[in-house]
Amino acid sequence: VELYAKRHFRKGHQFAPPTEAYKEFTNDFPYQETPDQFKAIEAVLSDLEKDLPMDRIICGDVGYGKTEVAMRAAFRVLEENKQVAVLCPTTILAQQHEKTFQERFKRFPYIIKSISRFKSNAESAQIMTEAREGKIDILIGTHKILSEDLHFKNLGLIIVDEEQRFGVSHKEKLKILRENIDVLTLTATPIPRTLHMGLIGIRAVSYTHLTLPTKRIV
């Protein structure tokens, strides 16, 4: 409660309304948005346009469109020259997200990379340098994203996948970041505390579990 009280008095970055480029990005989505997915996207865009730091939970089962909601938020943040960090609990999931994001953003000039234990020390050092210099737009990784050695030039959004699977020290670092950076959490299984904070209004919650997205009819 103390953390969210602090957030209420912090000024976050107020993003502009969606652009034509964003509309092109949405048109590339090969599925028809479900009603609840569309509501979640609209809620996230509304959060970004406010001058308070966003902290929204997107709750839904696997395959129900949470990642697309996150990617649209990422696109809006990138348009205003800010960076995005995607935090995953496992290396395999980080690799999956890297592939998904690169495929989804392939028509746009953004640099997407990942950092994990599968990277050599030299590769990790190079990625950290590029993140610090602003040469990486979206960085996807495991707990290394929260390392004291990793710094971003202009971090605008943190996307957290399954926050409940991170340890206490990682959650403490996220608490600090939450004070003035937009945070979007994706989860299929929110822990009782997280769900309780959403239900009583401390954290905003959106759901994407009513119907599965279907292929667009061209």
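1. S114 is a convenient place to start: this residue sits in strand 4. The model is a predicted one, and the remarks below should be read with that in mind. S114 has a relative accessibility of 5% and therefore counts as buried, the cut-off being under 20%. Its side chain makes a polar contact of 2.9 Å with the side chain of E98. Once neighbours within four places in sequence are set aside, the residues in contact with S114 are E98, K119, I127, L139 and I140.

2. E98, the partner of S114 in that polar contact, belongs to helix 5, where it is one of the buried residues. The others named there are T91, L93, A94, H97, F101 and R104. These residues cover an arc of only 150 degrees around the axis, so they lie on the same side of helix 5. As a matter of background, residues three or four places apart in an α-helix point the same way, because there are 3.6 residues a turn.

3. What does the buried side of helix 5 pack against? Two helices are involved, helix 2 and helix 4. The strands are strand 3 (83-87), strand 4 (112-115), strand 5 (138-141) and strand 6 (155-161). Strand 4 is also where S114 is placed. As for its length, helix 5 has 14 residues and spans 20 Å from first C-alpha to last, close to the 20 Å expected at 1.5 Å a residue.

4. F105 is in the loop that runs between helix 5 and strand 4. Is F105 buried or exposed? F105 is buried: its relative accessible area is 1%, and the cut-off is under 20%. Residues up to four places away in sequence not counted, F105 touches F25, M71, A74, F75, L78, Y110, I112 and I138. F105 and D28 are 77 residues apart in sequence, while their C-alpha atoms are 9.2 Å apart in space.

5. F25, one of the residues touched by F105, is in helix 2 (residues 20-27), where Y22, F25 and T26 are buried. Viewed down the axis of helix 2, the buried residues fall within an arc of 100 degrees, so they line one face of the helix. The face turned away from that buried side carries E20 and N27, which are exposed. The cover over the buried residues of helix 2 includes helix 3 (35-48), helix 4 and helix 5 (91-104).

6. Helix 4 (residues 66-79) holds both E68 and R72, four residues apart, about one turn of the helix. The side chains of E68 and R72 form a salt bridge, 2.7 Å from N to O. Both partners are buried: E68 has a relative accessible area of 4%, and R72 also has 4%. The pair is part of a wider arrangement, a network of salt bridges that links E33, E68, R72 and R104. R104 is also among the buried residues of helix 5.

7. How many salt bridges does the count come to? The count is eleven. One of them joins the side chains of D47 and R56, at 2.6 Å from N to O. Here too both residues are buried, D47 at 10% relative accessibility and R56 at 11%.

8. The bridge between K135 and E133 has a different setting. The closest N and O atoms of K135 and E133 are 3.0 Å apart. K135 counts as exposed because its relative accessibility is 52% and the cut-off is over 50%. E133 is partly exposed, with a relative accessible area of 37%.

9. Some totals for the chain complete the note. The protein chain has eight helices and nine strands. Of its 218 residues, 49% count as buried. For contacts between residues at least 6 apart in sequence, 81% join residues at least 24 apart. The chain exposes about 11,100 Å², and carbon and sulfur atoms supply 55% of that area.

Methods. Residues numbered from 1 in each chain as written. Predicted model: local features only at pLDDT ≥ 70, side-chain atom pairs only at ≥ 80, totals over all residues. Heavy atoms only, no water. Buried < 20%, exposed > 50% of the residue type's maximum accessible area, 1.4 Å probe, protein only. Contact = heavy atoms within 4.5 Å. Areas by Shrake-Rupley, 256 points an atom, 1.4 Å probe, with all protein chains shown as cover. Salt bridge = Lys/Arg side-chain N within 4 Å of Asp/Glu carboxyl O. Arc of directions from axis to C-beta. Expected span 1.5 Å × (residues − 1). Polar contact = N/O pair within 3.5 Å; in protein donor to acceptor, adjacent residues only side chain to side chain.
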